Every structure is written in C-alpha cells, then in structure tokens.
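Take a look inside this protein. We will start from one side chain and work outward to the empty space beside it.

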Amino acid sequence: MYQNDLADTTPCKSDGNDNVTVSVDAAWQRRGSGRSYDSLTGHCSMIGSKTGKVINYKWRSKACRICQRAEISGNIPRVHKCNKNFTGSAKAMEPDMVVDMVKESRSKGANITAIIGDEDTTTIARLRAKVDPTIVKLSDSNHIEKTH
Ligand SMILES: [Zn+2]
C-alpha cells in the first residue's frame, strides 16, 4: 500500500523556495529620566538579505498614555485600544519581536534559515528554542559563515 500524499507533514510549501537569510535590526526609544536605561518602546524590522526589502516589522511597548494618565490620576482607565503589548524588560523585546517575525514569515512560506544580527546571542537562542534549532546566526561583520 502506497501513500503518495505526504502533504500533511509539510505545512509550509517550500518547493522552489530558496533558503532565506534575513537581517534584523532593532531599535529602542530612550526616554530620559537620566538614570533609567530601560526603554519603554522598541521596534524591529526584518530585511531580506537578497532583496533588501523589509519583509516584516514589529514593535513593542511597555507603556500606554491612556493607562499612564489613569494611573497618575488614580482612576481606572476607560476602555481603549491599549498600546501596551509587552511586559518584560526592554532587552527582552528584540528576541520576542524576532521570534514573532520569523514564525510569521515561515508560516507564509518564507524558509528563513539564517539571521544576520548584532553580537547579542539572546535572539538566536530564543529562535532555536522556539522556532527551529537549526537556524544559523550570521554576524553583521561577516555575512558568510564558514560551512560547518
Ligand atoms: Zn492602555
């Protein structure tokens, strides 16, 4: 008995898709109480290394003006579209955003196999744990990793 349809095992249609290398670039808005290094908002874009096009974009915010105003005046905030979508530390924003973007892009069929980023290893560790243990990290200064 032959089964000629194994499509169920491959939810992502990867036929004909090259492996995709993306570069990620996160930035934080710093807000100045001087001694606080903890940013309230951060954003991150994901760029295809071949196309140079932004293929995904995320932002995280630990603050919402409406919530803040209510807090200051001691009121319960009115029902609103809250800007707050993150509760970790500012440093944890980048891995969170990148994991999100890689998951999304992969679900749309982009076979992302390598990430170009800064020297921080938190993001790639999270990606390997949450998305794919075989994802490769390339450093900014050296886009081509030696084959292993
Ligand atoms: Zn809010």
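Which residues does Leu127 touch, not counting residues up to four places away in sequence? The model is a predicted one, and in it the contacts of Leu127 are Val98, Val99, Val102, Ile115, Asp132 and Ile135. Take Val102 from that list. Leu127 and Val102 lie 25 residues apart in sequence, yet their C-alpha atoms are 8.1 Å apart in space.

Now place Leu127 itself. Leu127 sits in helix H3. Is Leu127 buried or exposed? Its relative accessibility is 0%, so Leu127 counts as buried. The cut-off for buried is under 20%.

Next, look for empty space. Rolling a probe the size of a water molecule over the atoms shows where such space is left. How many cavities of 30 Å³ or more does the count give? The count is one. The largest cavity holds about 50 Å³ of space.

Which residues line the largest cavity? Leu127 is one of them. The others are Val24, Glu94, Ile115, Gly117, Asp118, Asp120, Thr123, Ile124 and Lys137. Two elements give two or more residues to this lining: strand E4 (112-117) and helix H3 (122-130). Helix H3 supplies the largest share, three residues.

What is the chemical make-up of the lining? Four of its residues are nonpolar, two are polar and four are charged.

Put the two views together. Ile115 is a contact of Leu127, and both Ile115 and Leu127 line the largest cavity.

Definitions and conventions: Residues numbered from 1 in each chain as written. Predicted model: local features only at pLDDT ≥ 70, side-chain atom pairs only at ≥ 80, totals over all residues. Heavy atoms only, no water. 1 Å grid on protein atoms, 1.4 Å probe; cavity = no way out; pocket = protein on both sides within 12 Å on 5 of 7 lines; lining within 4 Å. Points joined across faces, edges and corners; volume = space filled by probe spheres on them. Helix = DSSP H or I, 4+ residues; strand = E, 2+ residues; numbered from the N terminus. Nonpolar A, V, L, I, M, F, W, Y, C, P; charged D, E, K, R; others polar. Buried < 20%, exposed > 50% of the residue type's maximum accessible area, 1.4 Å probe, protein only. Contact = heavy atoms within 4.5 Å.
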